[in-house]
Amino acid sequence: MAARRAAPGTGEKPLSFIEQARRGQLIEITIGLVAERGYAATSLASIAQAAGITKGAVLYHFASKDAVMAAAHAHVLSALVADVGAAVDAAPADQAPAAYVRRMVGHMADRPDHARVLIEAMINDDRPDSGARWKPLAAILQDARKARGQDPGTDPRTLALIVGGAIDAIIGERLQDADYDVEAGAESLIAMLEAATFA
């Protein structure tokens, strides 16, 4: 088997177009399998079978199951951050919390496989960094209060944690019930958030 190539930015020989395409395909397959089966039941062999290649060919692109799982999680997280970030950046500061909630809910509702990968990552990570989730929203909340001429508020961390939990609950309900109206759920959450943030 040929030596595995490094991902871009590692200082090693860059990946060819074909290698980049294959890595992308393996990441998409992994996302689908994790969403369908969960982390534990997704193996290198199942990824290889779904891709129509050998397990050794998967290992050419990724050093281990953990490496391909990490790449799938990073892909999903990057897409979410870019989408939500663009929505927040496009909104006036005082409307940014509502834009954040709408896009978080909308993005994950539109991509249930991605939502399941994020859930699996939280379940299987020994030490998840909760600050990576609540700190950006806390800053958005403080900026929104400032834009409305209010002081920064007393506890944006707790409010951000509550909102994050509510978003998780809305998406979790949608994953269980495809008919659940996530848009109405997001608007209800926004109304509560507005009352708590700007009271």
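Here are a few short exercises on this predicted model, each with a worked solution.

**Exercise 1. Confidence**
Find the helices with the lowest and the highest confidence in the chain.

*Solution.* Start with the whole chain: its pLDDT averages 90, and 92% of the residues score at least 70. Then turn to the helices. Confidence is lowest in H6, with a mean of 91, while helix H5 (residues 96–110) is highest at 97.

**Exercise 2. Ile-123 and its surroundings**
Locate Ile-123, decide whether Ile-123 is buried or exposed, and name the surface patch to which Ile-123 belongs.

*Solution.* Step one is the location: Ile-123 is part of helix H6, which covers residues 112–124. Step two is the accessibility. The relative accessible area of Ile-123 is 59%, and the cut-off for exposed is over 50%, so Ile-123 counts as exposed. Step three is the patch: Ile-123 joins Ile-119 and Met-122 in a nonpolar patch on the surface, and together they have about 280 Å² of accessible area.

**Exercise 3. A distance from Ile-123**
Compare the separation of Ile-123 and Asp-181 in sequence with that in space.

*Solution.* Along the sequence, 58 residues separate Ile-123 and Asp-181. In space, the C-alpha to C-alpha distance between Ile-123 and Asp-181 is 26 Å.

**Exercise 4. Aromatic rings**
Search the structure for aromatic pairs, then look for charged ends over the rings of Tyr-39 and Phe-198.

*Solution.* Begin with the pairs: the search of the whole structure returns 0 of them. Now check the charges. Over the ring of Tyr-39 sits the charged end of Lys-65, 4.3 Å from the ring centre. The ring of Phe-198 has the charged end of Arg-148 over it, 3.5 Å from its centre.

Terms used
Residues numbered from 1 in each chain as written. Predicted model: local features only at pLDDT ≥ 70, side-chain atom pairs only at ≥ 80, totals over all residues. Heavy atoms only, no water. Patch = residues over 30% accessible without salt bridge, like charges linked within 9 Å, V, L, I, M, F, W, Y side chains within 5 Å. Areas by Shrake-Rupley, 256 points an atom, 1.4 Å probe, with all protein chains shown as cover. Salt bridge = Lys/Arg side-chain N within 4 Å of Asp/Glu carboxyl O. Helix = DSSP H or I, 4+ residues; strand = E, 2+ residues; numbered from the N terminus. Buried < 20%, exposed > 50% of the residue type's maximum accessible area, 1.4 Å probe, protein only. Phe/Tyr/Trp six-rings, centres within 6.5 Å; stacked < 30°, edge-to-face > 60°. Lys NZ or Arg CZ within 6 Å of the ring centre and 35° of its normal. pLDDT = per-residue confidence, 0-100.
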